[in-house]
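Trainee: I would like to understand how the descriptive words used for a protein model are justified. Could we go through them one at a time, setting each value against its cut-off?

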Amino acid sequence: MNRAANSKTSASQLCQQANLSVAEQKLEQAVTLCHQALQLQPNFAPAYKIMGVIMQMQEQLEEAKYWYNQALEHQPNFAEVHANLGSLYATHQQWEQAIKSYETALELQPDLAGVYRNLARIWKKNDQQEKAAHCQYKAFQLEPDKLQLEDYFSLGETLLQQNQIEQVISLYSQGIKLYPNTAKIYYLLGQAFSQNEQWTAAILNYKQAIKINPTANHYYNSLGDAFTQLQQWDKAIDCYLHSIQINPDVCWSYLKLADAYLECQQWENAIKTYQRGLELNPDNYWPYIKIGDAYIEQGQRKEAIAIYRHAQKINPNLSTSYYKLADVLQECGQEYEAIDIYKKALEIDPNLPFLYEKLGDLLQTKQRWEESITLYKKAVQVNPDVYELYLKLGSALQHTKNWDDAIDVFIKAIEIKTHCFEAYDELANIFEQQGYPESAITCRHYKLLPPIIIETFCQYSKEQVVSLDFASDVQTIYLYPESQTHCLPPITLDDNIDEDFKHDYFRSSAAFVSVLPDGKALADPILTSAVLNSKNQLIPELSSGHPEFLISHNHRYSTYELDKTIAFLSVRWGNGGYFHWMFDVVARLDLVCKASEIQNLKIDKFVFTHCPNQYQIDCLAALGIDQNQIFESFHYPSLKAKQVIVPNITQEFGISEWKCHYLKQAFLNPKIRPDIPGYKRIYIDRNNAGYRKIINNQAVVQLLEKYGFQRIYLETLSIVEQAHYLNAAEVVVAPHGAGLTNLTFCNPGTKVIEIFSPGYVTPLYWFLSNICRLEHYYIFGERLPDDDNPKISPVTRNICVNIPQLEKLLKKAQL
């Protein structure tokens, strides 16, 4: 063994001597030394490799190939030999074999910078620029100091053409270390940062380039462009002025400067600067359009018309100059010429939906309905996802009494934007025209459509819907049984009880929670929510509003996926006011909490429609829900989660005894009792609200103050404060409104006087009073002129209180 080791050492020493002889061009001596090494160690690959090198130097290429192959036979992973073979094949222009040998060498030893350079040359000769650039970049990474300055520029340009921005940034950043006084390399690095939209970094490098070479006008232009992207117009203007000062004969410097003036609304400067740019290049049509825009801003319509016409002469195939001219002509009352010009613009570019819309709008003013219908249909074809186009098309169809087609397009508008109130209002108009006043009222005021309309016009298939009873992948946990509350009649001035209060019982449906693995939860900002199982089927019992619209073929939401368990509480009107927030959203958290305890579930995120108000955030915080646990459907309208927990939506006004109990426990907690006065008699003033105000409110306040009432504005209070004010009260007077939601906090026996508009009566708070065992009174206001206007929602009508009758009711309540 020692002898073998010694012979190997001797062979290695002989090869070292051979390498020295090769370096000194003593090739015969090197050959002798290699043969001696092979006599000692016949399998010694380095000796074969040196023999290959010697033969290659002597241009005995076949002999060299033989020796290299002998080396590989004894040592297949000899990277240097594979590299040498690559060079040998490259000499013979045997590219495929050369590439294979180089790539094998790099697989064995990836740090061979020279091999990358050689391989890059082959790729270049074979017109494989992307691969060549990749190899050059790898060589640069291994040996950055081997690149000459021009090599940095050429490689950077190639990488930039291939959109390898990060590599370009790395390349030039290294180049700056080697060539710190070269302005061009800073400039090119700035260009790379600009292309990557890293404007601050770009600006720093442009400034350094200018510092080294302050006479390059294009450096200032590029710096100005970066400031433009950051909307730092004053700095951009300064840069472009410097560029012009250095070289006043570059058209683009003036045009960029003029654009910046335009953004700063310096209309005169913009016009003059565009004109200077046009002196250098009068065939550039865009500046004429920009000048026209500036004239429009200054109210100089005649000048704008002239300049747009001039732009058309320079380039008669540019639609922009035509439709801008048509816009001005329309403003000037030259509508018929505007129509012709719009048509010309559409002949040039028929794929501009806004032009079809503009022309359709103009033709509607001329009552040319059929033409406008044709144009709106074309606009929809070009841009089918814009709900406003369907509204306009539907409006035109209504004028031709084409009811079914009008309904169809309004439904499409709702499918695209499910909370499109305008579409509901237009559909209500159609129902009125067709003789269905009840459907019209429901549609206009409550944003609900007849089932036949959904079935006929909404684009979805029956297979997309499954009943909860048949959704085999959904687990349902029942928590509260169906219940009935016996209703005592309300008290009014006479015994003529309104029909809305003639109920013996109030029924609350059963309450449950459904657990959906891999479920989806969708919601729009206010009208609709939809829950889908893992098979992408809608479950109506867990949804609200018209969920069919959210699964229609015309509706598109991108889905955000969460590998978490979410509680989905988004619901119709969940962002629609205080009552809906408390009973349709907050109270259902009771079901979520109970189900999570039973099933040992950890809720990662709570999903609500929208929480824009501070009272909502404070409310959730009081319930132990942190802000980082909140997800809003407003921002994530379509969610898919590992597990979706959905408390059911009770249909009977959304109130029930268990909900009242939960809210009392949550917000009448002694630990969070606020420091407020305990008024026994309170008047809830809603005259700060946007609608349903008491128009003679001051007279009401004066009367109630005689009876010891204190006025409060609930919207100025936290939910906890509201709860405790109502809990302390013995008598509550209020116009019908969301403030009466807080009756849930009252003690049994509290007297409630509710004031209604005669055109809008709902038993909601009477039902709530019965659940909470309160004594409920009501009174109607006087009729007002707007009460007979079907276009004004009864929900929003103001109230005029008959003061003597209110006083009679106070006395009847023994106050």
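Trainee: Where is the place of glutamate 59?

Mentor: This is a predicted model, and in it glutamate 59 sits in the loop between α3 (45-57) and α4 (61-74).

Trainee: What makes glutamate 59 count as exposed?

Mentor: The cut-off for exposed is over 50% relative accessible area, and glutamate 59 has 68% relative accessibility, so it counts as exposed. Glutamate 59 also has a positive phi of about 60°, although it is not a glycine. That deserves a remark because most residues other than glycine have a negative phi.

Trainee: Why is asparagine 536 called partly exposed?

Mentor: Partly exposed covers the range between under 20%, which is buried, and over 50%, which is exposed; asparagine 536 is at 41% relative accessibility, and therefore it counts as partly exposed. Asparagine 536 lies in the loop between β6 (529-532) and β7 (560-568), and its phi is positive, about 65°, although asparagine 536 is not a glycine.

Trainee: Why is α21 called roughly parallel to α23?

Mentor: Two packed helices are described by the angle between their axes and the distance between the axes. For helix α21 (residues 353-365) and helix α23 (residues 387-399), the axes come within 11 Å and cross at roughly 30°. Angles under 35 degrees count as roughly parallel, and that is why α21 is roughly parallel to α23. The crossing of α21 and α23 is, in addition, left-handed.

Trainee: Which residues in α21 and α23 meet?

Mentor: From α21 come Glu357, Asp361 and Gln364, and they meet Leu389, Lys392, Ser395, Ala396 and His399 in α23. Sorted by character, the residues of this contact of α21 with α23 are two nonpolar, three polar and three charged.

Trainee: Turning to the whole chain, how many helices and strands does the secondary structure of the protein come to?

Mentor: The secondary structure comes to 35 helices and 15 strands.

Trainee: How do you know whether the protein is spread out or a compact globule?

Mentor: For 815 residues the globule rule gives 28 Å, whereas the radius of gyration of the protein is 41 Å, well over that value, so the protein is more spread out than a compact globule. Taken along the principal axes, the C-alpha atoms fill a box of roughly 130 × 85 × 55 Å.

Trainee: What share of the 815 residues in the protein is buried?

Mentor: Buried residues make up 52% of the 815 residues, where buried means under 20% relative accessible area.

Terms used
Residues numbered from 1 in each chain as written. Predicted model: local features only at pLDDT ≥ 70, side-chain atom pairs only at ≥ 80, totals over all residues. Heavy atoms only, no water. Axes fitted to C-alpha atoms, helices over the stretch in contact; angles between N-to-C directions. Helix = DSSP H or I, 4+ residues; strand = E, 2+ residues; numbered from the N terminus. Parallel < 35°, antiparallel > 145°, perpendicular 65-115°, else oblique. Left-handed = near helix turned anticlockwise from the far one by under 90°. Contact = heavy atoms within 4.5 Å. Nonpolar A, V, L, I, M, F, W, Y, C, P; charged D, E, K, R; others polar. Rg over C-alpha atoms; globule rule 2.2 N^0.38 Å. Buried < 20%, exposed > 50% of the residue type's maximum accessible area, 1.4 Å probe, protein only.
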